[in-house]
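Here is a structure to read through in short questions and answers. Look it over before going on.

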Amino acid sequence: MTSPVTQEARTAPAGTAYDPEQYRPGKTITDWEPENELFWKSTGKKVAARNLWIAVPALLVAFVVWQVWSVTATNLKDVGFGFSTSQLFWLTAVPGITGGTARVFYTFLGPMIGQRRFTALSTLVLVIPLIWLGIAVQDPNTSYGVMIAIAALCGVGGANFASSLANIGFFFPKRDKGNATGINGGLGNLGVSVVQLVTPIVITSSVLAVGSAQHKADGTPVWLQNAAFLWVPVLVILAVIAWFGQNDLKVASTPFSRQKVIFKRKHNWLMTWLYVGTFGSFIGFAAALPMLIKTTFTPIDAAYSAATYAWMGPAVGALARWAGGWIADKIGGARVTIISFVGMALSIIGVINFLPSGGGNGNFWGFLACFLCAFFFSGIGNGSTFRQIPVIFRSQHLKGLTDGTPEYAKALKQSEMEAGAVTGFTSAVAAYGFFFIPAMFANFAVTSAMWGFVAFYVSCIAVCWWFYARKGAESPS
C-alpha cells in the first residue's frame, strides 16, 4: 500500500527548479524527491538504478572477503597447518566479531562522509587483509595468532553491508524500498556462495597462482593464496567505479548527533531482535556449514564434500532475500517475517532429526535438504524485515499529521533518516551471528545448539506477531 502524495507532488514539473548537473555520476545531489512521481519517472529512477547496480557488485565482493575464511579454514589442515577443529571453527567465527562491530561504525560514518566516497574507500581498504592472507597461507608455520589477526581484518568486509543498505534506501520511494534493498542485500549476500563455490576451483589452478604451491598429504599441489589474490584487482576496479559512478545524497548526509536518537526508539531494538533471527542465522549458518559438514559427517565418499555442497545454502538464502522484499511490498512485511520464522524453526527441527546420533551415521541428504530450507526462509525474512523498518518509522512519525503540510514534510524526512540508521544498526548487531553460531558449534554439542536456535525463533514469532502482525498491533507493517 503506497502512501498518498499531494496534488502539488503529482503535477509539479520535476527538475524545472533543479540543476541537472547534480544528477551526473560522481556528483552530490542536493534535490531528491523520490515520492514525486514526475521527478521519479523523469530523473530519479534512472539515477537510483545506476547507484544500485554499482553498489551490488561492490557489496558482493565485500561479502567474499568477509566469508573467505569459511572455506580457507577447511583446507588448512590438508596442507600442513596443525590447528585443531575448535581452532578452525574460531577462525571462521572471528570475522563475525569484527564485521558486526565495524558495522556499527559504518552505519553512522556513511551518511557523515558521503556514501559515494565511503563506498569507494571501504571497498579499496579490503585489499589489505587479502594480500596478507595470500602471503600467510603459503607458510604452514604461520602462527595461529597471525591467522586470527588476518581473520579479524577480513571481517571488516562485512561492515560494508550496513552503509550500503542504508544508503540505497534513501534513493527509492516507499513502494520500492523493499525490492531495492532486497536486490542490493540479496545479490550482495551472493558473495557468500561465490567464495564457497569459486575457492575450491581457483586453489587448484596454477595459471592464477602468485607464489609457491602447498601440497596435500598425497602430494597434490594447491595454491590457497589464489582464494585471496583473485579478488584484489576486482576490489580496485569496483572502488574506482564507485568513486566516479555513484552519487552522494545531501538528504542522506546526517551527523551522528541526529542519528543517535534511534537508541531511544523501542522499535529499533525490536527490529534488531528480529533481524538477528533472520540475517544472523543466514550469515552464521553460511560461516559454519562447510566445517559442520566436514566434521559431522564422516567423508565416506565424495557425497559429503563441503566444497561440493556448502555454497548452495547461501545461494538459496541470498536469492530468497530478493523475493522476500518483493513479496513483503505486496502483502506486508510482518506477515512474511512470521512465515519465515515458522519455516526456519521447522527446518532446523528437520536438521536435528537427520544428524548422526546413537552411533548411527545420520542422513546427509536429509540434513542438507533441511538446511537449504532454513537458508530459504532466512532469506525471505531478511527481505521482509528490511521492508518493515521504513514502514514502521513512517507510521510512528506521520501519525496524526496531514500530508502536504510543513510538519508532515519535516516528519517524513526525520522518519527516512531514522529508518536508514536503524537499517544499518540492526544489520550490525545481526552480523554477530557470524561469530556466535560457529562459536556455539565449537563449544556445544551440535544438537544442543540447534535446539537453542529453534527456541530463539519462537521468541521472534511472538515479538513480530504482538507488535506488528496481530489485529490492533502497535505498528502494523
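Q: Is Phe 425 buried or exposed?
A: This is a predicted model, in which local features need pLDDT of at least 70, side-chain atom pairs count only at pLDDT 80 or more, and totals for chains, interfaces and linings use all residues. Residues are numbered from 1 along each chain as its sequence is written, and side-chain values use heavy atoms, with hydrogens and water left out. Buried means under 20% relative accessible area, exposed over 50%, partly exposed in between (1.4 Å probe, protein chains only). Phe 425 has a relative accessible area of 7%, so it is buried.

Q: Which helix holds Phe 425?
A: Helices are DSSP runs of H or I, at least four residues, numbered from the N terminus. The run from 406 to 430 includes Phe 425, and that run is H17.

Q: What distance separates the C-alpha atoms of Phe 425 and Tyr 106?
A: Along the chain, Phe 425 and Tyr 106 are 319 residues apart. In space, their C-alpha atoms are separated by 9.0 Å.

Q: How many of the 25 residues of H17 are buried?
A: H17 is largely enclosed by the rest of the structure. That follows because its buried residues number 18 of the 25.

Q: How far apart are the end C-alpha atoms of H17?
A: The expected span of a helix is 1.5 Å times one less than its number of residues. For the 25 residues of H17 this gives 36 Å. The end C-alpha atoms agree, at 36 Å.

Q: Which side chain makes a polar contact with the side chain of Thr 337?
A: Thr 337 lies in helix H15 (residues 333-354) and is buried, at 0% relative accessible area. A polar contact is a pair of N or O atoms within 3.5 Å; within protein, one must be able to donate a hydrogen and the other to accept it, and residues adjacent in sequence count only if both atoms are side-chain atoms. At 2.8 Å, the partner is Ser 384.

Q: Are H5 and H10 roughly parallel or roughly antiparallel?
A: Axes are lines fitted to C-alpha atoms over the stretch in contact, and angles run from 0 to 180 degrees between N-to-C directions. Angles under 35 degrees count as roughly parallel, over 145 as roughly antiparallel, 65 to 115 as roughly perpendicular and the rest as oblique. Helix H5 (residues 127-136) and helix H10 (residues 232-245) pack at about 170°, with axes 10 Å apart. They are therefore roughly antiparallel.

Key:
Helices (H or I, at least four residues) and strands (E, at least two) are DSSP runs, numbered from the N terminus.
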